[in-house]
Amino acid sequence: MLYDAARYVELEGGRAAIANVGYTGEIEGVSADCEYREADPIRLDMDILFQLGRGAQATEDQKTYRYWVAVTERNSAVLAKEYFDLPVKFDGSRTASVHEQRTIIIPRAEATTSGGNFEVLIGFDVTPEMAEFNRSGSRFRVNAGAAQASAPSQ
């Protein structure tokens with residue numbers, strides 16, 4: 001995952017305050033199975049776990065998030081990048097967990113080209129302001145802006 005794009009936080013008015021949170025998202029985990037034989041292309045089957053939320057400024061019970069998967073030469077140039085829509089229905093809840101399955105095919109120049117030459121990155125399609133918020137280390141959980149239960153009095 002690319003840190004700048006691993007989280008999605010909509011902030012109304014651009015101010016980082018709990019009351020301004022719209023929709024949120026976090027890439028919680030990725031599991032992948034990679035295989036290739038002889039001169040075949042590399043086949044990467046991925047399961048991506050997204051944790052998504054609705055804050056105080058969220059106006060709908062559903063949201064279509066957009067994310068991308070990119071293939072790069074290790075520590076180098078992006079070879080391919082593809083965007084995907086992730087429609088989410090919250091069904092009245094403040095949070096949702098969604099597993100998304102994707103298969104990526106990576107062509108190899110020759111049979112001796114190792115899968116170790118490539119990296120696969122995943123991230124939300126974020127605005128420059130969202131990326132800056134992520135880089136700053138600030139964060140809101142996926143349930144940010146949801147009504148919190150008050151602490152019991154003693």
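Let me begin with a pair of strands: strand 4, which covers residues 62-73, is joined to strand 5 by 11 bridges, and these two strands run antiparallel. I should say at once that what we are looking at is a predicted model, so please keep that in mind as we go through the strands. Within this pair, if you would like a place to put your finger, Thr 64 has Pro 87 of strand 5 standing opposite.

Strands 4 and 5 belong to an open sheet of three strands, which are arranged in the order 5-4-7 with antiparallel pairing. At the edges of this sheet we find strand 5, residues 78-89, and strand 7, residues 118-124, each of which pairs on one side only. On average, and ignoring direction, neighbouring strands here are turned by 20° against each other.

Now to the other sheet, which is also open and is made of four strands in the order 1-2-3-6, again with antiparallel pairing. Why is one side of strand 1 and of strand 6 left without a neighbour in the sheet? Strand 1, residues 7-11, and strand 6, residues 95-106, stand at the edges and have a single partner strand each, so there is nothing in the sheet beside them on one side. From one strand to the next, the twist in this four-stranded sheet averages 15°.

Looking at the start of that order, strand 1 pairs with strand 2, residues 21-35, over four bridges in the antiparallel sense, and in this region Tyr 8 has Gly 25 of strand 2 as its bridge partner. As a general reminder, the strands of a sheet pair through backbone hydrogen bonds, in either a parallel or an antiparallel manner.

Technical notes. Residues numbered from 1 in each chain as written. Predicted model: local features only at pLDDT ≥ 70, side-chain atom pairs only at ≥ 80, totals over all residues. Heavy atoms only, no water. Pairing = 2+ DSSP bridges. Axes fitted to C-alpha atoms, helices over the stretch in contact; angles between N-to-C directions.
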